[in-house]
Amino acid sequence: MGGLILLGLDPGLGSTGWGVIRADGNRLAHVGNGQIRTEPSMQLPRRLSLLHDALNAVLRAERPDGAAVEEVLGNSNAQSTLKLGQARGVVLLAAATAGVAIGEYHPSVVKKAVVGTGGADKKQVQAMVQHLLPGVKLAGPDAADALAVAITHAHHLASARAMGRRVPA
């Protein structure tokens, strides 16, 4: 089976989800998924370093043609939002340093692409990911979200190509 290998990433400081799919036209296949966890008791620089190292290992192992990252939603706790933004920065840096083209998607765009409504909850996203990738064993909710990001990216790439636009993976 040919096609593009796409890496979806759901950034988080405590848990970053990753999911890899193969997209061949409209056909999608699960390649792998997981969650990278860091301990809250560790100092922030160490947590970010561990995240970076683990992402580099995933990038080396999976060798994706493209990547997609979920955008950060702010919340009422500014400190939590800042830490999430720092984790997202590490995710973007790792993919960019690996030379992978990166798409970025708002969570509501991901939910709409996978479930059909931008207001879907996590359980609905997980159910649709399992439907779209039969037989997938999800490593957890963050991995499911990352696979949803990869699926969204595959749909957007296919749409852009169908409309004759030249787009990087």
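Helices and strands here are DSSP runs, at least four residues long for helices (H or I) and at least two for strands (E), numbered from the N terminus. The model is predicted.

**Stop 1: the loop after α1**

Select R63, which is found in the loop between α1 and β4. Its phi is near 45°, a positive value in a residue other than glycine. Most residues other than glycine have a negative phi. The side chain can be viewed from outside: R63 counts as exposed because its relative accessibility is 65%, and the cut-off for exposed is over 50%.

**Stop 2: the largest nonpolar core**

From the loop, move to the interior and select L7, L9, W18, L51, L55 and V91. These are the residues with the most contacts inside the largest nonpolar core, which has 21 residues. To see where the core comes from, colour β1 (4–10), β2 (15–24), α1 (44–62), β4 (66–70) and α2 (78–97); each of these elements gives two or more residues to it. The largest contribution is that of α2, with six residues. In soluble globular proteins, nonpolar side chains tend to be buried together.

Now keep L9 selected and show its surroundings. Which residues is L9 in contact with, leaving aside its neighbours within four places in sequence? They are G17, W18, L55, A68, V69, E70, V91, A146 and V149.

There is a second, separate core of 20 residues; A23, A68, V136 and A148 are among its members. A68 thus serves as a convenient link for the viewer, since A68 is in this second core and is also in contact with L9.

**Stop 3: one end of β1**

Select L4, which lies in strand β1. L4 is partly exposed, with a relative accessible area of 22%; the cut-off for buried is under 20%. Add N33 to the selection and draw a distance between the C-alpha atoms: the separation is 16 Å, for residues 29 apart along the chain.

**Stop 4: the salt bridges**

How many salt bridges does a search of the whole structure find? It finds three. Side chains of opposite charge can pair when their charged atoms come close.

Select R27 and D24. They form a salt bridge in which the closest N and O atoms are 2.8 Å apart. R27 is exposed, at 53% relative accessibility, whereas D24 is partly exposed, at 24%.

Next select E104 and R88, whose closest N and O atoms are 2.3 Å apart in a salt bridge. E104 lies in strand β5 (residues 101–105) and R88 in helix α2, so this pair ties together parts that are 16 residues apart in sequence. Is R88 buried or exposed? R88 is buried, with a relative accessible area of 13%, while E104 counts as partly exposed at 41% relative accessibility.

Then select D145 and K122. This salt bridge has its closest N and O atoms 2.3 Å apart. Because D145 lies in helix α5 (residues 141–162) and K122 in helix α4 (residues 122–132), the pair ties together parts that are 23 residues apart in sequence. D145 counts as buried, at 9% relative accessibility; K122 counts as partly exposed, at 45%.

**Stop 5: the largest pocket**

Stay with D145 and K122, and add D10, E70 and P107. Of the 18 residues that line the largest pocket, these five are the closest to its centre. The pocket has a volume of about 330 Å³.

Two residues of this group have appeared already as a pair: D145 forms a salt bridge with K122. E70 has also been met, as one of the residues in contact with L9.

Show α3 (107–114), α4 and α5, each of which supplies at least two residues of the lining. The element that gives the most is α3, with three residues. Colour the lining by residue type: there are eight nonpolar, two polar and eight charged residues.

**Stop 6: along α5**

Finish on H156, in helix α5. H156 is partly exposed, with a relative accessible area of 37%. Leaving aside neighbours within four places in sequence, H156 is in contact with Y105 and V109. For a last view across the model, add P45: H156 and P45 are 34 Å apart in space, C-alpha to C-alpha, and 111 residues apart in sequence.

Key
Residues numbered from 1 in each chain as written. Predicted model: local features only at pLDDT ≥ 70, side-chain atom pairs only at ≥ 80, totals over all residues. Heavy atoms only, no water. Core = buried A, V, L, I, M, F, W, Y, C linked by side-chain atoms within 4.5 Å. Buried < 20%, exposed > 50% of the residue type's maximum accessible area, 1.4 Å probe, protein only. Contact = heavy atoms within 4.5 Å. Salt bridge = Lys/Arg side-chain N within 4 Å of Asp/Glu carboxyl O. 1 Å grid on protein atoms, 1.4 Å probe; cavity = no way out; pocket = protein on both sides within 12 Å on 5 of 7 lines; lining within 4 Å. Points joined across faces, edges and corners; volume = space filled by probe spheres on them. Nonpolar A, V, L, I, M, F, W, Y, C, P; charged D, E, K, R; others polar.
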